Amino acid sequence: MNVLVSGGAGYIGSHTVRELIKRNHFVVVLDNLTKWHRAAVQGAELVAGDTADRELLRGLFRKYGIEAVMHFAASSLVGESVRRPSEYYYNNVVKGLSLMDAMVEAGVRFLIFSSTAAVYGEPREVPITEAHPANPTNPYGATKLAVEGAMRWYGEAYGLRYASLRYFNAAGADPAGDIGEDHDPETHLIPLVLKTALGLLPRLEVYGTDYPTPDGTCIRDYIHVSDLAEAHVLALEALAAGAPSAVYNLGNGSGYSVLEVVRAAEEVTGRPIPVHYGPRRAGDPSVLVAGSEKIKADLGWRPRFTSLGDIIGTAWRWHLGHPGGFEK
Ligand SMILES: NC(=O)c1ccc[n+]([C@@H]2O[C@H](COP(=O)([O-])OP(=O)(O)OC[C@H]3O[C@@H](n4cnc5c(N)ncnc54)[C@H](O)[C@@H]3O)[C@@H](O)[C@H]2O)c1
Ligand SMILES: O=c1ccn([C@@H]2O[C@H](COP(=O)(O)OP(=O)(O)O[C@H]3O[C@H](CO)[C@H](O)[C@H](O)[C@H]3O)[C@@H](O)[C@H]2O)c(=O)[nH]1
């Protein structure tokens with residue numbers, strides 16, 4: 001298929017572009033200048049532009065005969081969203097709707113959307129299945145849930161067909177070691193832990209030690225970015241083959257605390273990782289662990305990287321080879 005990937009120069013988008021190309025899809029990446037890395041995109045057309053640019057989208061849809069959109073472009077930091085909700089509603093909701101309107105106008109029917117575990121908020125039970133009520137504890141999760149709601153009604157009214165993929169914590173890097181996670185500023189746990197192992201940071205700040213978990217630190221479900229990428233391609237191919245619109249969780253089904261991640265990274269790297277215990281970060285739920293049985297049953301998705309050590313190992317390979325990230 002001819003696929004437009006918004007945010008395809010970012011972390012998860014670039015890994016998914018690689019997977020799409022492996023499966024012989026034609027890819028156009030649309031990414032604005034906020035966080036992108038040109039070097040992360042290989043084998044695809046790369047267009048610098050914003051998802052809100054209707055004229056640009058109209059032209060790209062026509063020029064490349066686009067049949068589907070994978071929409072990664074978003075603002076996606078929990079803590080930042082609490083401080084700057086306006087930016088999150090604007091980039092994620094307003095621009096998301098604008099992109100969907102452009103799709104409807106051009107007759108592009110298939111949308112794969114990057115949703116998040118943050119739509120659930122503080123869980124009532126774990127593992128969290130898709131049937132769990134959505135009650136976000138931060139603006140980031142609320143904006144993703146708002147787009148999910150819109151997709152549903154666009155489906156009813158305009159025939160849009162979609163898969164909304166609620167990822168838990170994306171981690172790791174392509175095993176080849178040439179693309180990986182490079183955010184500026186970096187806020188995600190595993191890259192920060194590994195930067196500490198490299199000596200680029202003096203210590204890891206642990207956000208909160210008084211959560212209702214066995215060691216008091218937050219528990220998350222880490223899923224390898226290449227497994228996420230594969231799920232996107234499966235979801236797209238299923239939609240194109242006639243599958244109904246769906247919402248899927250994507251995680252490994254195992255939770256690890258912040259301190260367990262630190263210990264696993266010490267084992268992988270063979271280096272000490274000093275920590276400092278700090279206060280909680282606003283908006284963080286205590287435990288997020290996925291039940292991903294639905295996507296396994298419907299699409300036959302199986303994660304290849306199920307061990308935290310293996311996931312961290314691929315990230316370590318990327319960080320060792322690119323301590324400064326992508327060439328700027
Ligand atoms: N990283 C995670 O653990 C995680 C978990 C759940 C969901 N998600 C979602 O997955 C998606 C990708 O996350 P990521 O970690 O790869 O993020 P990222 O910041 O690495 O990539 C996002 C890309 O989108 C681009 N972008 C942002 N707004 C844009 C706009 N309006 N127009 C064009 N380009 C724009 C940025 O330049 C960047 O290259 C996001 O939607 C995020 O909310 C991420
Ligand atoms: O320096 C740090 C960084 C993180 N953490 C902790 O480590 C855990 C993981 O934090 P990340 O920032 O790596 O990831 P989040 O769980 O906040 O969020 C990620 O996963 C979410 C879904 O679970 C969202 O989708 C979001 O896009 C994505 O950034 C959290 O408990 C956080 O408090 C620390 O203790 N110290």
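**Core.** I began with the largest nonpolar core, which holds 102 residues. Val-29, Leu-111, Val-193 and Leu-250 touch the most other members. I then asked which element gives this core its largest share. That is α7, with nine residues. I also checked the core against the domains: domain 1 and domain 2 each contribute at least three residues. I note here that I am working with a predicted model.

**Leu-250.** I picked Leu-250 from the core and listed its contacts, leaving out residues up to four places away in sequence. It touches Leu-165, Arg-166, Tyr-167 and Phe-168, and also Ile-223, Leu-228 and Ala-231. Ala-290, Ser-292 and Ile-295 complete the list.

**Domains.** I looked up how the protein is divided. Domain 1 covers 2–171 + 223–250, and domain 2 covers 189–220 + 253–321. Their centres, taken over C-alpha atoms, are separated by 24 Å. I find 30 residues of domain 1 and 26 residues of domain 2 in the contact. On the domain 1 side, α3 (78–83), β7, β10 (222–224), α7 (225–240) and β11 (246–250) each supply at least two residues. The largest share of that side comes from α7, with six residues. By class, I get 17 nonpolar, nine polar and four charged residues there.

**UniProt record.** I checked the annotation next. An unreviewed UniProt entry lists residues 3–251 as "domain: NAD-dependent epimerase/dehydratase". I computed 39% helix and 20% strand for that span. Its end C-alpha atoms lie 25 Å apart.

**Ligand 1.** I counted 27 residues around ligand 1. Which of them come nearest? I find Gly-7, Gly-10, Ala-73, Ala-74 and Ser-76. At least two shell residues come from each of α1 (11–22), β2 (26–31), α4 (85–106), β5 (110–116) and β7 (169–171). The largest share is that of α1, with three residues. I sorted the shell by class: ten nonpolar, 13 polar and four charged.

**Ligand 2.** Around ligand 2 I counted 21 residues. Thr-116, His-188, Leu-189, Tyr-207 and Cys-218 come nearest. Two elements, α6 (189–197) and β8 (204–207), give two or more residues to this shell. The most come from β8, with four residues. My class tally is twelve nonpolar, five polar and four charged. Where does ligand 2 lie relative to domain 1 and domain 2? Both domains give residues to its shell, so I place ligand 2 between them.

**Cis peptide bonds.** I went through the backbone for cis bonds and logged two entries. One joins Val-126 and Pro-127, with omega about -5°. I located Pro-127 in the loop between β5 and α5 (139–158). The other runs from Asp-184 to Pro-185, with omega near 0°. I located Pro-185 in the loop between β7 and α6.

**Asn-24.** I logged a positive phi, near 70°, at Asn-24, a residue other than glycine. Asn-24 is in the loop between α1 and β2. Is Asn-24 buried or exposed? I count 7 other C-beta atoms within 10 Å of Asn-24. The cut-off for exposed is 12 or fewer, so Asn-24 is exposed.

Conventions
Residues are numbered from 1 along each chain as its sequence is written. Chains are lettered from A and ligands numbered from 1 in the order in which they are written. This is a predicted model: local features need pLDDT of at least 70, side-chain atom pairs count only at pLDDT 80 or more; totals for chains, interfaces and linings use all residues. UniProt positions are given in the numbering used here, feature names are shortened, and annotations may be inferred rather than shown by experiment. A residue is near a molecule or strand if its C-beta atom, placed from the backbone, lies within 6 Å of it. Ala, Val, Leu, Ile, Met, Phe, Trp, Tyr, Cys and Pro count as nonpolar, Asp, Glu, Lys and Arg as charged, and the others, Gly among them, as polar. Domain bounds come from an automatic or database domain assignment. Two residues are in contact if their C-beta atoms, placed from the backbone, lie within 7 Å. A nonpolar core is a set of buried Ala, Val, Leu, Ile, Met, Phe, Trp, Tyr and Cys residues joined through C-beta atoms within 7 Å. A residue is buried if 20 or more other C-beta atoms lie within 10 Å of its own, exposed if 12 or fewer, and partly exposed in between; C-beta atoms are placed from the backbone.
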